[in-house]
Structure formats: C-alpha cells, structure tokens
Amino acid sequence: MMDIFHITGPVRLSGRITVSGSKNASLPIMAATIMAPGKSVIKNAVRLSDVTVLGRLLSQLGAKLNRNENDDLHIDSTVIDNPIGEYDILRKMRAGICILGPLLARCKRAKVSMPGGCAIGDRPVDIHLKGLQQLGAKIHLKAGYIVAQAPDGLKGNDIFLGGPFGSTVLGTANVLMAATLAKGRTTIEAAACEPEIADLANCLNRMGAKISGIGSPRLIIEGVSCLKPVEYSVIPDRIEAGTFMVAAAITAGELRLQNCPLGHMMAVVDKLRNIGVTIESQNNGCIITRTGGLKPADVTTQSYPGFPTDLQAQLMALLSLAEGNSVITEKIFPDRFMHVAELNRMAASLRKEGPSVIISGVKKLMAAPVMASDLRASAALVLAGLAAEGTTIVNRVYHIDRGYKSIENKLNSVGAKIVRKSI
Ligand code: EPZ
C-alpha cells in the first residue's frame, strides 16, 4: 500500500501549531546511548519513521527499546553484542551511519553498511572514515560494508573535518561520539555547528563526557573511561518550524508556533522578513503573518548558521509566487532540485542553471498530480498544494512521514484541506 495526499487549495491557514522534537537531534542522540550501558530515556523523540527505523537498528545491535505512556523513548543498551549495521536498513535510512562511531567506542569493532546515495545526491562518508581512522581505527570496505576495528581502543588526535561542501553534520557526530571514549584529548576543527550537534554534545556531557567549544567549529574533547545512561529532552525541530513558517507565508495566513525558539532560525527569519513575512517572537514561539505581496530574494544554502539546505525546497515553493525573479543556489547538495520539475507541473516558472535555480514569480500555482522524491522536496509540494487552485495529488507520501509526524493533522488543524488516501 502506498499513501497519497489529496490537497485542496487555495486555503488561508490560521491557528496554533506546536513544533515537535528535532529528528536530526534525536537520531545521533539515540546512537549515543550505545556508549552508555544501561537505561536512557530520550524525551521529545517524535515518532517519525526515521526514528522508528533507527530504533530497529539499535535493537539489532542488542539494545531494548520501548515507549512509556508519555511517549518517551526508553533505550536499554546494557547489552550491545551484535555491532553490525545491516544494508537493508542503512539503504533506507542513511542516518544510521551514526552508529559507527559509538560502536567503535563501545565494542572496539563495527561492521556498518555503506549508506549509499539518495534523491538529494550521493552521500559520501569519506570524512567520517578519515576522522575515525585518525582516532586510531583500522577501516576497510568489504562487500559494501565498512569494517572498522580498534582492538586497543581509540586514541585522541587533532582532526580536521572540513570537506568540499563545508562541514559534515553526521561526520561530526560520529567522530565526536567516538572521541568521548578515546584515550587523551581530541580537537575537531571545522566541526559542524548545527544546533543538533550542540544538542548531541550537551547530551554527551550529561552522560559524563568532557566536551568544550559546543556550538563552535572547534570542539575539544577530553576522553573519559565510561559514559552513563541519561534522561534527555531533545531540542525542537527548526526545520519543521521553518516548514510551518513557509506554510503561513504561502497561504497569506497567520500561524502561532509554540516550542519554536527563534534563536536557531535567524537565517530563516531574516530571509522570510526580507520577502515580506512578519515574524514576531512570543514566549517560547512566534507569530507568522503575511498580508502584502511577496518580494523576490536571492538565497544560498550554507552550513549553520547560514540558510539551511533542508528548507531550500520549501522556500522555492514560496518564491514561486513572489513578484519578480529570485535565485536559489544550493551549496550543500548541488543535486537537491528534484522538486523543480514537480513545482513546474504546478505552473511555477523555475529554470535550473548549474547549482542555482532561477525563479520567475507567477501569480498563482495550479493543482496537479506530483511525485514526492525526498523528505523536504515532498514538504515543498504540500506547501505548494495549499496555495494552488484545485486539488493537488502528492504521491509517495512515505517520504514526508520520515521527517514530519502526520503533517496533515497539524496543517488541517489550522485550516488546510488534506486527505491521506491509501492506494
Ligand atoms: C545531515 O545530513 C542531515 N541529516 C540532513 O538532513 C541535512 O541536509 C545535512 O546534514 C546538511 O545540513 C541528519 O542530520 C540525519 P552532511 P548529513 O554530512 O550529515 C558532503 C533531512 O532532510 N560530505 O552535513 O548526511 C555531503 O555530500 C536531512 O533531515 C562529504 O563530502 O549531511 C554534502 O555535500 C536530509 N563527505 C555535505 O558534505 C562526508 O564524509 C554536507 O553533508 C560527509 C559529507
């Protein structure tokens, strides 16, 4: 069975949405529990398919997982006796690569499938492997698997993790986690500064790690002999929040977002304000309104604190309706434009020029059957469907379910008309 969305537009959203916990913070934090034998509790780890799949991977390693009545995720990592990350899981959920560092640190060996590529590009892990080798791991590839050993444990080192596209988020997570149990000091230069990495580092310190420079491109880790289980609540999902900000803007509506600290979203807030969206901070959230026209913009995606690549597709849907020409340049995943052809099917006027897309604003979008391809491109098609005239059919909704917990319920609660159908 495959789910599809029927989205009837145009609508004007109005009301209140609570932002869930961050997927991209939950995943590495779940992996970190591998290194702390015992029972950890991860709060706010929202029930997304990616979180469920990583949970299945942890179970295969030997951990025991369940959810309590508050939906908190309980992970008992007392036993980790099968340090193997299977291809069948990794090929569907690339982020599973973040078990590699923790397994090396805990078990001194690991066999993890190369994750392979996905719709937004081939997803190399060469920097992950380089960093772990510099911590003393012996690594070779065999039949599509990464085989890593560190029989004498890992040893601290000075490591540069920068790559051709800047820093690597999960590469930093892998090397950071492994370094917490390495002997001696590790310095990671060109570390990813994403809030999700800062959240991981804060969680590791709560487990007994000694990490300084959190949130900066230079992390300093003093190795410790062991980590202890922890109860930890992950940060809100800034990408889900940004998606809902665009939903308010593209429908010329008014949304009040709760559990949405703007401190992690300054590049997004700055860009949306330049486009003509009003965003006011309020308590632990914000109010987004758009009353006038949309102004065109030039946007380039960058590592944090720059404009996030995970909101590039959503912004493109919005700028499709701006009064004038915009340019979006994708510097993190140059192929991350699967949504361009689909938005053009909805009467947008987009033209790809190398790493950029030229957007000629149109007066309105028209409903059409469209195909979801990756997580964020699919969200962009939903947003376009809210504004388009008629009923848009989005196929392969499973892509959306990977990163948004029942997005249709949250949007319908503020005036959207989205029906999920199984075909
Ligand atoms: C994380 O992926 C996120 N996923 C992605 O979000 C996000 O788009 C990405 O960071 C960039 O912000 C999770 O956190 C689970 P990278 P990650 O390593 O860590 C190149 C979503 O929608 N690179 O920071 O895999 C790479 O090809 C997902 O939630 C190397 O060259 O991304 C890319 O061009 C999609 N060698 C750039 O670096 C490496 O060893 C950034 O990738 C690693 C990466």
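Helices here are DSSP runs of H or I with at least four residues, strands are runs of E with at least two, and both are numbered from the N terminus. With that in hand, here are some exercises on this predicted model.

**Exercise 1.** Locate A252 among the helices and strands, and decide whether A252 is buried or exposed.

*Solution.* Start with the neighbouring elements: helix 8 (238-250) comes before A252 and strand 15 (254-258) comes after, which puts A252 in the loop between them. Next, look at the backbone: phi of A252 is near 55°, a positive value in a residue other than glycine. As a backdrop, most residues other than glycine have a negative phi. Finally, the relative accessibility is 15%, and buried means under 20%, so A252 counts as buried.

**Exercise 2.** Work out the phi of A347 and the accessibility class of A347.

*Solution.* A347 lies in the loop that links helix 11 (338-345) to strand 20 (350-353). Its phi is near 80°, again a positive value in a residue other than glycine. For the class, take the 33% relative accessibility: partly exposed covers the range between 20% and 50%, so A347 counts as partly exposed.

**Exercise 3.** Find where P10 and P305 sit, and state the form of the peptide bond leading into each.

*Solution.* Take P10 to begin with: this proline is in the loop between strand 1 (3-9) and strand 2 (14-18). The bond from G9 to P10 is cis, with omega near 0°. Now P305, found in the loop between strand 18 (298-300) and helix 10 (312-319). The bond from Y304 to P305 is cis, with omega near 10°. For context, most peptide bonds are trans.

Definitions and conventions
Residues numbered from 1 in each chain as written. Predicted model: local features only at pLDDT ≥ 70, side-chain atom pairs only at ≥ 80, totals over all residues. Heavy atoms only, no water. Buried < 20%, exposed > 50% of the residue type's maximum accessible area, 1.4 Å probe, protein only.
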